[in-house]
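These are my notebook entries on a structure that I am consulting for the first time. I record what I looked up, entry by entry.

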Amino acid sequence: RSSVLIALDEIVQANPSIKKNDALHLLKRHPLISEVNNQRIIPEDGSKDISLSALSTQLTKARAKCRK
């Protein structure tokens, strides 16, 4: 499981109604994230990165997991 998704889960648990741009801002400062550029979110540990276009989908999945 990618560190990007773990970081996103943490952000959503703290604020389940967070918007994409706010989540992106927090991801840029998250210790598990190495870099956020205009196309990819790259984790610090070398696990799988995700594209910015996939962030909305992953945010929806993290919200659903948080509701369980």
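**Entry 1. Helices against the sheet**

I began with helix H1, which lies across S1, S2 and S3 and runs at about 100° to S2. I note at once that this is a predicted model. I then looked up H2, which lies across S1 and S2. The angle of H2 to S1 is about 130°.

**Entry 2. The sheet**

I next asked in which order the strands stand in the sheet. The sheet is open, has three strands and follows the order S1-S2-S3, with antiparallel pairing. S1 and strand S3 (50–51) stand at the edges with a single partner strand each, so one side of each is left without a neighbour in the sheet.

I took the pairing of S1 and S2 first. Strand S1 covers residues 33–36 and strand S2 covers residues 40–43, and the two pair in the antiparallel sense over three bridges. I looked up the partners in S2 one by one: Ile-33 is bridged to Pro-43, Glu-35 to Ile-42, and Val-36 to Ile-41. S1 and S2 form a hairpin, and three residues lie between them.

I then turned to S2 and S3, which run antiparallel and are joined by two bridges. In S3, Ile-50 is the bridge partner of Ile-41. Ile-41 also serves as the partner in S2 of Val-36. The hairpin of S2 and S3 has six residues between the strands. Within this hairpin I found Gly-46 with a positive phi near 85°.

**Entry 3. The two faces of S2**

Which residues of S2 belong to the covered face, and which to the uncovered one? I read Ile-41 and Pro-43 on the covered face, and Arg-40 and Ile-42 on the uncovered face. I set beside this a general remark: in a regular strand the side chains alternate between the two faces of the sheet.

**Entry 4. H1 and H2**

I examined how H1 meets helix H2 (residues 20–29): their axes come within 10 Å and cross at roughly 120°. That angle makes H1 oblique to H2. The crossing of the two helices is right-handed.

I listed the residues that meet. H1 contributes Val-4, Ala-7, Leu-8 and Ile-11, and H2 contributes Ala-23, Leu-26 and Leu-27. The residues of this contact divide into seven nonpolar, no polar and no charged.

**Entry 5. H2 and H3**

I repeated the search for H2 and helix H3 (residues 55–67), which pack at an angle of about 95° with their axes 11 Å apart. H2 is therefore roughly perpendicular to H3.

From H2, the residues Lys-20, Ala-23, Leu-24 and Leu-27 meet Leu-55, Ser-56 and Leu-59 in H3. Here I record five nonpolar residues, one polar and one charged. Ala-23 and Leu-27 are listed in this contact, and they are also listed in the contact of H2 with H1.

**Entry 6. Leu-8**

I wished to know whether Leu-8, in helix H1, is buried or exposed. Its relative accessible area is 1%, so Leu-8 counts as buried, the limit being under 20%.

I then asked which residues Leu-8 is in contact with, leaving aside its neighbours within four places in sequence. They are Ala-23, Leu-27, Leu-55, Gln-58, Leu-59 and Ala-62. Ala-23 and Leu-27 are the residues of H2 that I had already entered for the contact of H1 with H2, with Leu-26 beside them in that list.

I also looked up a pair of positions: Leu-8 and Ser-47 are 39 residues apart in sequence. In space they are 14 Å apart, C-alpha to C-alpha.

**Entry 7. Asp-9**

My last query concerned Asp-9, which is found in helix H1 (residues 3–14). With a relative accessible area of 15%, Asp-9 is buried, because the limit is under 20%. Leaving aside its neighbours within four places in sequence, I found Asp-9 in contact with Arg-1, Ala-62 and Lys-65. Ala-62 appears in the list for Asp-9 and also in the list for Leu-8.

Terms used: Residues are numbered from 1 along each chain as its sequence is written. This is a predicted model: local features need pLDDT of at least 70, side-chain atom pairs count only at pLDDT 80 or more; totals for chains, interfaces and linings use all residues. Side-chain values use heavy atoms; hydrogens and water are left out. Helices (H or I, at least four residues) and strands (E, at least two) are DSSP runs, numbered from the N terminus. Buried means under 20% relative accessible area, exposed over 50%, partly exposed in between (1.4 Å probe, protein chains only). Contact means heavy atoms within 4.5 Å. Two strands pair if DSSP finds at least two bridges between them. Axes are lines fitted to C-alpha atoms, for helices over the stretch in contact, and angles run from 0 to 180 degrees between N-to-C directions. Angles under 35 degrees count as roughly parallel, over 145 as roughly antiparallel, 65 to 115 as roughly perpendicular and the rest as oblique. A crossing is left-handed if the near helix is turned anticlockwise from the far one by less than a right angle, and right-handed if clockwise. Ala, Val, Leu, Ile, Met, Phe, Trp, Tyr, Cys and Pro count as nonpolar, Asp, Glu, Lys and Arg as charged, and the others, Gly among them, as polar.
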